[in-house]
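Please read the points below with the structure open beside you. They are notes for a first reading, one topic to a point.

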Amino acid sequence: TQHCVHQLIEAQAAIRPEATALIFADTTFRYADLNQRANRLAHRLRELGVGPEVRVGIAVERSPQMIIGLLAILKAGGAYVPLDPAYPAERLGYLMQDSGIALLLSQSWLRAALPQIEGLPVLELDREAVGHLPGDNPRNLTDASNLAYLIYTSGSTGRPKGVSVAHGPLAMHCLSIGALY
């Protein structure tokens, strides 16, 4: 059976809740903590209309918030579109428009540097209160064929082009790489 990456994380959280899932600088997250934080955010994303095939931009600094955000988007059923905040505003604007994102996840200190797209909701991960939302796994809405993420080429031969990756191939890649390590 093909699984989705978020289901693999949920399985680890159920089997090994105390095991280390994420280390960033001097911060460590156990699987139970990582999963619960992503679940709360995923429930919020669902409230905002995120589901299968809904693209969500994520423009955040490398941090635990990035991992929680990516996992929450997948758990909500959406597909993430990584947006490097260090990119020039013109490139970011193009990627945001071309990808058709319905929502942008960011951080308050980055928001001013990002292009403002009229009508595009922005959720600031450092300001969004989700502690009151359920910590349980949201019902899975995705299957292996649904879009997991959309990543753009460098654009060295012209305009950057989006490359779509579905949940099934992403999960297979993670399982293969995991076996190597």
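1. Aromatic pair. Searching the whole structure, which is a predicted model, turns up 1 aromatic pair. The ring centres of Tyr80 and Tyr149 are 5.1 Å apart and the planes meet at 15°, so this pair counts as stacked; the cut-off for stacking is planes under 30 degrees apart. The pair links distant parts of the chain, with Tyr80 in strand β4 (residues 79–82) and Tyr149 in strand β7 (residues 147–152), 69 residues apart. Are the two tyrosines, Tyr80 and Tyr149, buried or exposed? Both Tyr80 and Tyr149 are buried.

2. A charge over a ring. Another tyrosine, Tyr87, has Arg91 lying over its face. The distance from Arg91 to the ring centre is 4.6 Å.

3. The largest core. How many residues does the largest nonpolar core have? It has 32 residues, and Leu41, Leu45 and Leu105 have the most contacts inside it. Two or more residues each come from α2 (31–47), β3 (55–59), α3 (64–76), β5 (103–106), β7 and α6 (167–180). The largest share, 8 residues, is given by α3.

4. Leu41 in detail. Leaving out residues up to four places away in sequence, Leu41 touches Ile68, Gly69, Ala72, Leu123, Leu125 and Val130. Select Leu41 in the viewer and look for these residues around it.

5. A separate core. Apart from the largest core lies another, of 12 residues. Its members include Ala59, Val81, Leu83 and Leu104.

6. Leu114. This residue, Leu114, is placed in the loop between α5 (108–111) and β6 (122–124). Why does Leu114 count as buried? Its relative accessibility is 6%, and buried means under 20%, so Leu114 falls on the buried side of the cut-off. Beyond its neighbours within four places in sequence, Leu114 is in contact with Ala59, Leu92, Leu104 and Ser106. Two of these contacts, Ala59 and Leu104, are also among the residues of the 12-residue core. Leu114 and Leu83 are 31 residues apart in sequence, with 9.8 Å between their C-alpha atoms.

7. Confidence. The average pLDDT of the chain is 91, and 99% of the residues score at least 70. Which element has the lowest mean pLDDT, and which the highest? Among the elements of the chain, the lowest mean belongs to α6 (84) and the highest to β3 (97). Both α6 and β3 give two or more residues to the largest core.

Technical notes: Residues are numbered from 1 along each chain as its sequence is written. This is a predicted model: local features need pLDDT of at least 70, side-chain atom pairs count only at pLDDT 80 or more; totals for chains, interfaces and linings use all residues. Side-chain values use heavy atoms; hydrogens and water are left out. Rings of Phe, Tyr and Trp (its six-membered ring) pair if their centres lie within 6.5 Å; planes under 30 degrees apart count as stacked, over 60 as edge-to-face and the rest as tilted. Helices (H or I, at least four residues) and strands (E, at least two) are DSSP runs, numbered from the N terminus. Buried means under 20% relative accessible area, exposed over 50%, partly exposed in between (1.4 Å probe, protein chains only). A charge sits over a ring if NZ of Lys or CZ of Arg is within 6 Å of the ring centre and within 35 degrees of the ring normal. A nonpolar core is a set of buried Ala, Val, Leu, Ile, Met, Phe, Trp, Tyr and Cys residues joined through side-chain atoms within 4.5 Å. Contact means heavy atoms within 4.5 Å. pLDDT is the predictor's confidence in each residue, from 0 to 100.
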